[in-house]
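Hi,

Here's the structure I promised to pass on. Have a look at it first, and then read on for what turned up around the ligand and its pocket.

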Amino acid sequence: MKKLLCILLICLLLTGCAGVKPAQRTVFAMDTVMELQVWGKEANKALDALEKLLKDMDGRWSATDTGSALYAYNNNGTVSWTADEAAFLQRANRLSRRTDGAFSPKLYALMDAWGFYDDSHSVPSQEQITKALADERMDLGGIVKGYAGDQAVQLLKQYKVDRAILNLGGNIQTYGEKPNGEAWQIGIQDPDGGAPLGTVKVHGTMAIVTSGDYQRYFEKDGVKYHHIMDPKTGVPAQSGLRSVTVISKDGTLADALSTSFFVMGLEKGSEFWRSSSDFEVVFVTDGGKIYATEGVKLSECTYEVIRREK
Ligand code: AMP
Ligand code: MG
């Protein structure tokens, strides 16, 4: 009897743990390290499927991998896009129009001219910039991780997982509710490193996407050049911001907009938010000030609220 009780107790503990501990995996895809945590009975199967999804997407959308579909497309090869992929390409173009060109999916030649692809990192001449801006080849690095997050959500649904949190290299995707109505807590990174500047709390399935000048940059002659370009000038955007975080149910939108607002700056970004209803934003300025739109639940920091009514 004692033995039976003991076995029962161990079983209870184990099932209890299985409910609490996530299955975890680190994946390298899209030029970045991704950390995946999934809770649920089918968690390991879901992780296998997620890893495949992320690597397959890399194979389709890498701007530099000579075997990718996008590379073929950029080099006049024949590509048969799936209906979903064709819709994604159309969406990238629509978002470019919606942001008045602050988001541009056609910056391949410009990123190449600045040496971001092979880490040759050089400052191009005005002539090289003008030529690159006229080039139509695509780079979807500003939106594809958000799209990957949306695709991942569909997959997590398919595997009926309880909940998940995916760090897709700066793009955070939450999925499902935490127990006891607790919120998911996501840190806003300090652009200068160290402890997070504050914590964003979200519930359920949400994309929390950050664009920042600290994520990718090089220094030449004492000047820092980061990777988010102003498509109007062809040089790294100088809009007075260090980072922008967009929170939305729609990961593709959040990704395109975080990049766009980094280019637009605080004023234009806030106006854009006032005329929309499908996302919230946190801005971190050059001076280290934090601004958050009124729907954001931000804690552990001092910040100014951006309101709908000015
Ligand atoms: P993100 O980290 O999402 O802001 O994306 C930055 C990446 O998107 C860069 O590394 C480029 O590949 C690409 N990119 C740079 N500037 C822009 C822009 N203005 N619009 C769209 N994509 C951009
Ligand atoms: Mg982006």
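Which side chain has an N or O atom 3.0 Å from an oxygen atom of ligand 1? That would be D255. Bear in mind that this is a predicted model.

D255 has company. H227 puts a polar side-chain atom 3.0 Å from an oxygen atom of ligand 1, and a polar backbone atom of M229 lies 2.8 Å from a nitrogen atom of the ligand. As for how covered the ligand is, on its own it has 500 Å² of accessible area, and the protein covers 95% of that.

There are 18 residues around ligand 1, and the ones that come nearest are S104, D139, S211, M229 and T259. Sorted by class, that shell holds eight nonpolar, seven polar and three charged residues. Helix α8 (residues 251–264) is the top contributor to the shell, giving three residues.

Now the pocket. Ligand 1 takes up space in the largest pocket, which comes to about 1300 Å³. Its lining counts 49 residues, with G141, K145, G169, R216 and H227 closest to the centre. Among the elements giving two or more residues to the lining are α2 (43–61), α7 (144–158), β7 (206–212) and α8. Strand β5 gives the most, with four residues. By class, the lining splits into 22 nonpolar, 20 polar and seven charged residues.

H227 is worth a click when you open the file: it appears both in the polar contact to ligand 1 and among the residues closest to the pocket centre.

Cheers

Methods
Residues numbered from 1 in each chain as written. Chains lettered and ligands numbered in written order. Predicted model: local features only at pLDDT ≥ 70, side-chain atom pairs only at ≥ 80, totals over all residues. Heavy atoms only, no water. Near = heavy atom within 4 Å. Polar contact = N/O pair within 3.5 Å; in protein donor to acceptor, adjacent residues only side chain to side chain. Areas by Shrake-Rupley, 256 points an atom, 1.4 Å probe, with all protein chains shown as cover. 1 Å grid on protein atoms, 1.4 Å probe; cavity = no way out; pocket = protein on both sides within 12 Å on 5 of 7 lines; lining within 4 Å. Sits in = over half its atoms within 2 Å of the grid points. Nonpolar A, V, L, I, M, F, W, Y, C, P; charged D, E, K, R; others polar. Points joined across faces, edges and corners; volume = space filled by probe spheres on them.
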